[in-house]
Amino acid sequence: MDKATIAATFPAKVTLEADQYYFFCTCGRSASQPFCDGAHKGTSLVPKPFKVEQQQEAYLCQCKQTSNPPFCDGSHKACEQE
């Protein structure tokens with residue numbers, strides 16, 4: 001299985017629209033972080049589809065180490081120390 005690339009060691013603050021599907025980048029290679037742009041092609045990694053029920057601001061993971069994808073859980077703090 002391929003390993004995700006750390007896109008950044010901080011979360012991306014985004015506004016998510018209600019009932020819209022999003023595709024979270026799980027490979028770290030997307031130029032459209034934190035969203036998928038198809039850069040995972042040729043790897044075993046696939047984007048994570050998700051949607052929210054109401055408009056909200058959210059912090060999405062860019063280190064790809066979160067235990068709650070697509071949302072940041074602070075795992076980037078360990079990446080910063082590497």
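Phe71 is partly exposed in this predicted model. Its relative accessibility is 25%. Because the buried class requires under 20% relative accessible area, Phe71 at 25% does not fall into it. The residue lies in the loop between β4 and α1, the latter formed by residues 76-80. Beyond its neighbours within four places in sequence, Phe71 is in contact with Leu16, Ala58, Tyr59, Leu60, Cys61 and Thr66. Tyr59 is twelve residues from Phe71 in sequence. In space, the C-alpha atoms of Phe71 and Tyr59 are 6.0 Å apart.

Several of these contacts lead to a strand pair. Strand β4 covers residues 56-60 and runs antiparallel to β1. Five bridges join the two strands. Within this pairing, Val14 stands opposite Ala58 of β4. Ala58 is also one of the contacts of Phe71. Strand β1 itself spans residues 12-16 and has two faces. Ala12, Val14 and Leu16 form the covered face. Lys13 and Thr15 form the uncovered one. Leu16, from the covered face, is among the residues touched by Phe71.

A second loop residue, His40, sits between β2 (22-24) and β3 (48-50). His40 has a relative accessible area of 16%. This value places His40 in the buried class, because the cut-off is under 20%. Apart from residues up to four places away in sequence, His40 touches Cys27, Leu45, Val46 and Pro47.

At the level of the whole chain, the model contains one helix and four strands. Their order along the sequence is β-β-β-β-α. The chain has 82 residues, and a compact globule of that length would have a radius of gyration near 12 Å. The chain has 12 Å, so the value agrees with that expectation. The C-alpha trace spans about 35 × 30 × 20 Å along its principal axes. Of the 82 residues, 34% are buried.

Contacts link distant parts of the sequence. Among contacts with a separation of 6 or more, 58% join residues 24 or more positions apart. The accessible surface of the chain comes to about 5000 Å². Carbon and sulfur atoms account for 48% of that surface. The chain carries 8 positive and 9 negative charges. The mean positions of the two sets are 4 Å apart.

Terms used: Residues are numbered from 1 along each chain as its sequence is written. This is a predicted model: local features need pLDDT of at least 70, side-chain atom pairs count only at pLDDT 80 or more; totals for chains, interfaces and linings use all residues. Side-chain values use heavy atoms; hydrogens and water are left out. Buried means under 20% relative accessible area, exposed over 50%, partly exposed in between (1.4 Å probe, protein chains only). Two strands pair if DSSP finds at least two bridges between them. Contact means heavy atoms within 4.5 Å. The radius of gyration is taken over C-alpha atoms; the globule rule is 2.2 Å times the number of residues to the power 0.38. Accessible areas come from the Shrake-Rupley method with a 1.4 Å probe; for residues, only the protein chains shown count as cover. Lys and Arg count as positive and Asp and Glu as negative; His and the chain ends are not counted. The place of a charge is taken as NZ of Lys, CZ of Arg, CG of Asp or CD of Glu.
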